[in-house]
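Please look over the sequence and the structure shown here before reading on. The report then takes up the overall form, the interior, the contact between chains and a few single residues.

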Amino acid sequence: MKRKLEITELIFKIISYTLLTAFALACLYPFVFAISSAISDRHSVEYSEIILFPKGIQFQAFSQMFNNNMFWNSYSNTLFITLYGTIWAMFTAILGAYALSKKRLLFRKVFNFFLVFTMWFSAGVVPQYLNYIATRTVFNTVGIQDDKWLVVIAMGMAAMNIILLRNAFEGVPSEIEEAAIVDGATEMQVLTNVYLPMSKSTIATVALFFAISRWNGYFWARQMIRNQNEQPLQVFIRLTLEQYTESEFLTSWNEPYAADSVIYALVVCSIVPILIIYPFIQKYFAKGVNVGGVKE
Amino acid sequence: MKVRAADFLEYDQEAGVYRENPEQAVRDDVEKHYWLHVARTIAKDWRLYLMLVPMLLVFLFWRYFPMYELLSCFKVYDGVLPVSKQLFSGFSYFKQLLVGGTQLSTNFWRAMRNTFILSFYGLCFGFPMPIILALFFNEIKSNAARSVYQVLTYLPKFMSTVIMTSLVTMLVKQGSSISGMGIVSRALVGMKLISEGTGNAGLLNNPSFFRSIYQISGIWEGAGYDSIVFFAAIIAISPTSYEAAQIDGANKWAQMRYVVIPSILSTVVIMLITRIGSLLNVGYEKVLLLYNTNTYVTADVISTLSYRLGMMGSQTTQGIASAAEMMNNVVGMLLVIGANTIARKASNTSLY
């Protein structure tokens, strides 16, 4: 009996390790391939000789891109949108979630429903588009000519993140808050000195959710930002890809590196910041999903 | 209605007279002047209500106003007037979409079918993968090794849709005289799964591959990250359950079947119901970035169709685009509410 037990367990372990390793490598492979292709020479890329390791190293694809003003422009636009977008979203979400977490709030259920309904029903692409156009007109009339502010202020709010924050605030023991109020703390002081320090990890998680979605935002930025110089990095990557996959463009390609290498180099540049901070943040993401997934 | 004196009067024994019941008086006052009472409470606690304002405005302006724009599916577009002043056209746009014969309604039904098929395939292939991964993660007892696997499999989730689709495009790109086909196509040709000609034409130009590419890239992107929820449910199982099963002579498969699966079943059910609830929410961004005119047959979904009608074409088709989305969204919402109700009945946990 003992013997049989070990065999099934062993088989299962072997299967698990094999398939997991295969899947993990499959997850990693496209990125390694992208890096290798970005720094390989023209011949090996065009004749598909790259499988894993680079061949005939060149860095011209990168240096050409680093000399491109559009690239740096779009990079700084992405940083702008990510920074201000996250600050604005966190500002509205924290204040709103704090108020919603209070039992004494009148019409609490109505406000909650107001949020949750947007998770059930969304207007869809075209009505949203018309709405953003109208908003842009209003912004322009008020004197905000830079369409990036439209992306920062009007987009990227998510009801789910507010609910995550609200749940975290509800978990703060009310005794501590009462003690602070007895000591003469105002509403704002209670929030900044009691609630924020006590729900640090959820706040970090939600801020990261916002920041990642801002960094990765593409569709609405492309639709709404009229000035080419204001477009974020994702739009720049997509436009480059669309240009480079046209065959007329390829036949006239006259560089020592392959046209594909440019795309791969762009991809690498976009994911490097995420790859650098990723090991430090991934535990927060796991926590956020656990809090949001099955709670309530 | 019969008014009893005792409700608002109480007998004061010392003075020997009836007096007004103070509590009841306050309650009456609140009832009579409800909104005044509300205003007083808000005025007293105005800081708290002020905090709500930015969030409410953001949702009102950019979540609820678009819903109002959606009403243009019932209105005649004339290019000048706002939605509220346009003429009511009834269900004519809906009729144009639903009633067969025209190019428009053919496209609509094709998009409807594609939306369902893409979601349904996602349910069949995409949904079980995270559960299987979580079961595998559970087999790895060393924490260090497991975190390495987790870090690697969560990674694609943090890449943007543009990066993901760019990589997919490059990996299965077409071959030409100047450069060879993508590495994945080449591997598939090498394994004799597709012919050389198909590979050279580019898999993304071939309608019969779109659904597979969509699902496989979806699994690649999300399976690792989605397994977190299931893995959390698995590690919550008490070790004594396994020990009890082992003493009863259960081998690995029996332990799986009688310990692990029943323990995570409630999580699986909840996640499945959520998934069914969002059956019609096919992400338009990913489809838009992957499809092209050659693959509309299998790739065009409702939101991409209405994107083309409403944002690429002339403004006169915006009403029809809104009508298409209205139908999609209403069915979607009914699915969510239905799924939520079932979840509440089945497991006493409602998702919202």
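What follows is a report on a predicted model, arranged from whole chains down to single residues.

## Overall form of chain A

Chain A is built with 15 helices and zero strands. Its radius of gyration is 25 Å, whereas the globule rule gives 19 Å for 296 residues, so chain A is more spread out than a compact globule. Along the principal axes, the C-alpha atoms of chain A fill a box of roughly 80 × 75 × 35 Å.

Of the 296 residues in chain A, 38% count as buried. When the contacts of chain A with a separation of 6 or more are considered, 71% of them are made by residues 24 or more positions apart.

## The nonpolar core

The largest nonpolar core holds 143 residues, and those with the most contacts inside it are Tyr98(A), Leu165(A) and Val267(A). Helix α12 of chain B, which covers residues 207-235, supplies the largest share of this core, with 13 residues. Domain 2 (53-90) and domain 3 (94-158 + 218-347) of chain B each give at least three residues to this core.

Which residues does Tyr98(A) touch, once those up to four places away in sequence are not counted? They are Phe169(A), Leu191(A) and Tyr195(A), together with Met51(B) from chain B.

## Where the two chains meet

The contact between the chains takes 81 residues from chain A and 74 residues from chain B. On the side of chain B that touches chain A, helix α4 (residues 46-69) gives the most, with 15 residues. Sorted by class, that side of chain B has 47 nonpolar, 19 polar and eight charged residues.

## Domains and an enclosed helix in chain B

The domain assignment of chain B gives domain 1 (1-44), domain 2 (53-90) and domain 3, the last of these made of 94-158 + 218-347. Between domain 1 and domain 3 of chain B, the C-alpha centres lie 56 Å apart.

Is helix α9 of chain B, residues 161-171, buried or exposed? Eleven of its eleven residues are buried, so helix α9 of chain B is largely enclosed by the rest of the structure. The buried residues of α9(B) include the polar-named Thr161(B), Thr165(B), Ser166(B) and Thr169(B) as well as Val162(B), Ile163(B), Met164(B) and Leu167(B).

## Two residues with positive phi

Phe107(A) is not a glycine, and yet it has a positive phi of about 55°. This residue lies in the loop between α4 (69-100) and α5 (108-120) of chain A. Phe107(A) has 13 other C-beta atoms within 10 Å, and because a residue counts as exposed only at 12 or fewer, Phe107(A) is classed as partly exposed.

Lys192(B), which is likewise not a glycine, has a positive phi of about 65°. Its place is in the loop between α10 (183-190) and α11 (196-201) of chain B. With 7 other C-beta atoms within 10 Å, Lys192(B) is exposed.

## Glu243(B) and Gln255(B)

Glu243(B) is found in helix α13 of chain B, which spans residues 239-247. Since Glu243(B) has 10 other C-beta atoms within 10 Å, this residue is exposed. Glu243(B) and Gln255(B) are twelve residues apart in sequence, and their C-alpha atoms are 9.7 Å apart in space.

Terms used. Residues numbered from 1 in each chain as written. Chains lettered and ligands numbered in written order. Predicted model: local features only at pLDDT ≥ 70, side-chain atom pairs only at ≥ 80, totals over all residues. Helix = DSSP H or I, 4+ residues; strand = E, 2+ residues; numbered from the N terminus. Rg over C-alpha atoms; globule rule 2.2 N^0.38 Å. Buried ≥ 20, exposed ≤ 12 C-beta atoms within 10 Å, placed from the backbone. Contact = placed C-beta atoms within 7 Å. Core = buried A, V, L, I, M, F, W, Y, C linked by C-beta atoms within 7 Å. Domains from an automatic or database assignment. Nonpolar A, V, L, I, M, F, W, Y, C, P; charged D, E, K, R; others polar.
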